[in-house]
Amino acid sequence: MTGADIAVAALEANGVKTVFGYPGAANAPLIESISHSSIDYILSRNEQGAAHMASGYARVKRTAGVCTATSGPGATNLITAIATAYMDSIPVIALTGQVKTGLIGKDAFQEVDIIGSTLPFVKHSYLVKDIRDISRVINEAFHIATTGRPGPVLIDFPVDVLKAKYEGGSDDEINLRGYKLQGRANESQIKKVADALKKAKKPVLLAGGGITCSGAVNEINDFVNRTGIPVISTMMGLGVIPTDDERFYGMIGSHGTKRANTILNRSDLVLAMGTRLGDRSVANAAGLENANKLIHIDIDPAEIGKNMQPYIPVVGDIKDVVSQLLPMLEQWHTPYEWKHEIDELRFVMKPRNNSEDNGFVNPKYFLERLSKITNSDVYLTTEVGQNQIWCANHFTIKHPEMFITSGGFGTMGYGLPAAIGASEAQSEKPVIAVMGDGSFQMDLPELGTMLQYNIPVKMVLFKNDRLGMVHEHQYLFYGSNYQMVDITNGSPDFAKLAEAYGIRSNTISENSQVDDAVKAMLADKESYMLIVNVSPFEPTGDALNEDKMKNAGKEA
């Protein structure tokens, strides 16, 4: 067997069904071996897209997604996508080709130190120099990527190692002396959490993406049902409690809802689970530390105290922590007065979205109707920008694994390839990619991937001829000095572009057209593009000054 054959056999043994990637001379042996295996291969149009596809696949399958690229520029094109997976704790295995072992360090053609280049944002990485290590390294990579706090792992294969032949036995036993999985949380710390909750008058649970990583969604719902504690979330925590559930009060942060941010500030105890407490979610760390009693629960001890100092730190797997905590709260329930107070906020701060015709479609109204018509029983991916925030705040998300977005890194060009990966991972439910016309132009070549492999992604393209979020930012903070955000004269005719790829499309400009257009899109069994004309002055969300942006639109 060649080194590549051994690698592919190890991939098969780890349950890999699909590899996304782009070929080159350095990873050609791997591609050759895959062609003779049970593994399907999806050719992306850019290596970055391949890794985003692996990410979307991983989030739906709840297993590691696999991508491959050749050495040099092929490998470096993976970097943004690897960092994206790292920030959101997504298990991705990146397999890169490398120059021959004897040429490493000599600036050979298409050589790059991809191990050093990605070191800050991989969970682990390997440079394989001995064919006998291949099986073990791949087994270890899957174990590392999918256990504890998930994350990407990179394996760099010199081409001569992939081509080499070896008929002896291989050592495929995992041997990770320094890699210890977190055990049960300290019982005394759990008791402190229970005691603090019992004393709290205004507690709130802040749900983060770590709850999904832990597989603890059902346990959290049970915890909330028994205790009545209200729930707010980060973007990555959306759907842990269905966003239309009366127990859920919205997403926090600079682009969250006024209601959720108000509840966070009024609470006297914040039970934060599986979140970094990053600046986009909690800008005023000192304010939260001083005004609230913060309990921070996370499986990664490096996150505890990194951004703010908790009153009670708990290191542990959230699923285990909840099982330890619930028996200590048998008779405890959230105070009625607090629930009554925040229910009033729900009514007072309920968003009201205009549905009248005015020459543009209100994207918030559109997403509410899309959610209603589909019963939210779809996988929804987003790009980054206004489209992402509109989805987060106005599409009903019933399960966190069905909302696929780039949270921590905020990567434009993520949504469409992630949708391709999500579609490849399953065929039972529709996959809808919501995109802005700016971010879509970062990944539109992947329409070729959809065409080649008959991948039926539905695309909703919000067209406002602007890089919308930066345009809004320049209005709010730079005196309407709009620079490098107008793409009116630099964008293609999107309907003709879709036609060039054999994809049917439709364009709407009025709210009254929304329902029929959405139903027609969903009825189509193949890929489809729905172009939705949106006002350039449509504000992002209610945590920013919406009135200002609306006035700006009138002034314009």
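Student: How many disulfides does the structure hold?

Tutor: The structure holds 0 disulfides, where a disulfide is a pair of cysteine sulfur atoms within 2.5 Å. This is a predicted model, in which local features need pLDDT of at least 70 and side-chain atom pairs count only at pLDDT 80 or more, while totals for chains, interfaces and linings use all residues. Residues are numbered from 1 along each chain as its sequence is written, and side-chain values use heavy atoms, with hydrogens and water left out.

Student: Why is the sulfur of Cys67 not in a bond?

Tutor: The closest cysteine sulfur to that of Cys67 belongs to Cys213 and lies 18 Å away, which is too far for a bond. Seen from Cys213, the closest cysteine sulfur is in turn that of Cys67, again at 18 Å and too far for a bond.

Student: What makes Cys67 buried, and why is Cys213 called partly exposed?

Tutor: Buried means under 20% relative accessible area, exposed means over 50%, and partly exposed covers what lies in between (1.4 Å probe, protein chains only). Cys67 has a relative accessible area of 0% and is therefore buried, whereas Cys213, with 29%, is partly exposed.

Student: Why is strand β4 described as mostly covered?

Tutor: Strands are DSSP runs of E with at least two residues, and helices are runs of H or I with at least four, numbered from the N terminus. In β4, residues 92-98, 7 of the 7 residues are buried. Val92, Ala94, Thr96 and Gln98 point one way from the strand, while Ile93, Leu95 and Gly97 point the other way, and all are buried. Helix α17 (residues 386-394) is likewise mostly covered, with 9 of its 9 residues buried, among them Trp390 and His394.

Student: How do you know which strands β4 pairs with?

Tutor: Two strands pair if DSSP finds at least two bridges between them. Strand β3 (residues 65-69) is joined to β4 by 5 bridges in the parallel sense, with Gly65 as the bridge partner of Val92. Strand β6 (residues 153-158) also runs parallel to β4, over 6 bridges, and here Ile93 stands opposite Val153.

Student: What makes β2 and β5 edge strands?

Tutor: The 6 strands of this open sheet follow the order β2-β1-β3-β4-β6-β5 with parallel pairing, and β2 (40-43) and β5 (124-127) each pair on one side only. For β2 that pairing is with β1 (residues 18-21), through 4 bridges, one of the facing pairs being Thr18 and Asp40.

Student: Which strands are at the edges of the sheet β14-β13-β15-β16-β18-β17, and what packs on that sheet?

Tutor: This open sheet also has 6 strands in parallel pairing, and its edges are β14 (403-404) and β17 (504-508), each of which pairs on one side only. Strand β17 is joined to β18 (residues 528-533) by 5 bridges, and Ile508 stands opposite Val532. Helix α23 (residues 514-523) packs on the sheet, touching β15, β16, β17 and β18, and its direction makes about 165° with that of β18. Contact means heavy atoms within 4.5 Å, and angles run from 0 to 180 degrees between N-to-C directions, with axes fitted as lines to C-alpha atoms, for helices over the stretch in contact.

Student: Which residues make the contact between α1 and α7?

Tutor: The axes of α1 (residues 3-13) and α7 (residues 134-146) come within 9 Å and cross at roughly 35°. The contact is made by Gly3, Ile6, Ala7, Ala10 and Leu11 of α1 with Ile134, Ser135, Ile138 and Phe142 of α7.
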